[in-house]
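Work through the exercises below with the sequence and the model in view. Each task is followed by a stepwise solution.

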Amino acid sequence: MPKRAITPDAIMQLGLGFWGSKTLLSAVELGLFTELAKGPLDGETLRSRLQLHPRSARDFFDALVALGMLKRTGSRYANTPETAAFLDRNKPSYMGGMLEMANARLYRFWGSLTEGLRTGRPQNEAKTGEDFFGALYADPQRLEGFLKAMTGLSLGSARAIAKKFPWKKYRTFVDVGCAQGGVAVEIALAHKHLRGGGMDLPVVRPVFEAYARQRGVDKRMTFHEGDFFKAPLPKADVIIMGHILHDWNLEEKLMLLRKAYEALPAGGAVIIHESLIDDGRKTNAFGLLMSLNMLIETHGGFDYTGADCRDWMKQVGFRRTQVARLTGPDGMVVGYK
């Protein structure tokens with residue numbers, strides 16, 4: 001049997017992967033997909049509307065075609081079904097907020113990954129003594145953009161949780177660290193009998209309430225003001241934490257799980273959803289890279305496997321736990337009290 005030919009193709013594709021990534025991020029920044037949502041356009045019209053230089057435009061558009069982000073028929077460009085659904089800023093399914101944040105912040109911070117690997121310290125604004133989250137929460141416009149980005153990150157998982165968890169057995173739920181309310185709203189839309197809510201810092205209230213009102217579930221939603229490190233969690237049949245635990249060190253993770261346990265009634269449940277690393281730590285590259293992103297962004301945060309989270313839940317008292325896949329790299333761990 002002949003030996004498989006060894007080539008550097010995969011190495012080069014990964015090593016220069018930032019070329020394609022930045023091309024997509026710039027397209028989102030320019031509003032290219034939102035412009036094409038109005039209808040297909042020829043290259044010159046699209047170039048003019050996006051105010052691009054003639055030298056750059058054709059290669060830029062055709063690179064997006066080759067990357068699978070645009071379609072081209074003759075000289076006219078159009079969105080793909082995916083970019084039409086998820087990268088049009090005017091649709092509720094817009095997920096570009098996370099990419100906008102990646103473009104504005106994470107892209108440059110990841111340039112210092114080697115330093116982070118050697119020092120174990122964050123590589124974001126903290127390097128210059130800035131408090132990113134403090135500044136973010138003090139600027140309503142930036143905050144709203146960040147909260148929308150969190151909705152984009154969680155939208156697929158939210159819809160999967162609404163389908164996969166046995167909601168008929170429960171009446172109330174609270175999403176802790178709810179951001180704009182993306183997860184809570186999707187669950188409420190799918191299950192009319194539920195009354196839900198979100199817990200976050202007071203400045204988040206108007207963004208949460210506006211989003212719930214826009215999606216038509218505000219009558220069944222309550223916003224709970226509070227810092228989940230300082231205040232008890234609101235009482236509910238089900239407590240949800242999405243992309244929360246990975247921000248914190250192990251001691252803090254266990255503290256938050258204990259708070260969830262204390263807030264639940266007997267028979268209640270906690271749902272933790274993240275980009276869970278596979279138990280063998282070999283296949284979910286996104287989950288492992290997300291953990292490296294926590295190195296870039298936080299002082300002690302890290303991502304984890306479903307088995308890790310089940311073990312922590314048992315440590316704080318949950319009698320039964322289970323893991324379920326959601327969408328893409330995401331999964332949920334459920335603990336029952």
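**Exercise 1: the cysteines**

Cys309 is buried, with a relative accessible area of 0%; buried means under 20% relative accessible area, for a 1.4 Å probe and protein chains only. The model is predicted, so local features need pLDDT of at least 70 and side-chain atom pairs pLDDT 80 or more, while totals for chains, interfaces and linings use all residues. Residues are numbered from 1 along each chain as its sequence is written, and side-chain values use heavy atoms, without hydrogens and water.

Task: state how many disulfides there are.

Solution. Step 1: apply the cut-off, a pair of cysteine sulfur atoms within 2.5 Å. Step 2: the count under this rule is zero. Step 3: check Cys178, whose nearest cysteine sulfur, that of Cys309, is 20 Å away. Cys178 is also buried, at a relative accessible area of 4%.

**Exercise 2: the sheet**

Task: give the strand order of the seven-stranded open sheet and identify its edge strands.

Solution. Step 1: take strands as DSSP E runs of at least two residues and helices as H or I runs of at least four, numbered from the N terminus; two strands pair if DSSP finds at least two bridges between them. Step 2: the order reads E6-E5-E4-E7-E8-E10-E9, with mixed pairing. Step 3: E6 (221–225) and E9 (320–325) each pair on one side only, which makes them the edge strands. Step 4: E9 runs antiparallel to E10 (residues 331–336), joined by six bridges, and Arg320 stands opposite Tyr336 in E10.

Methods. Buried < 20%, exposed > 50% of the residue type's maximum accessible area, 1.4 Å probe, protein only.
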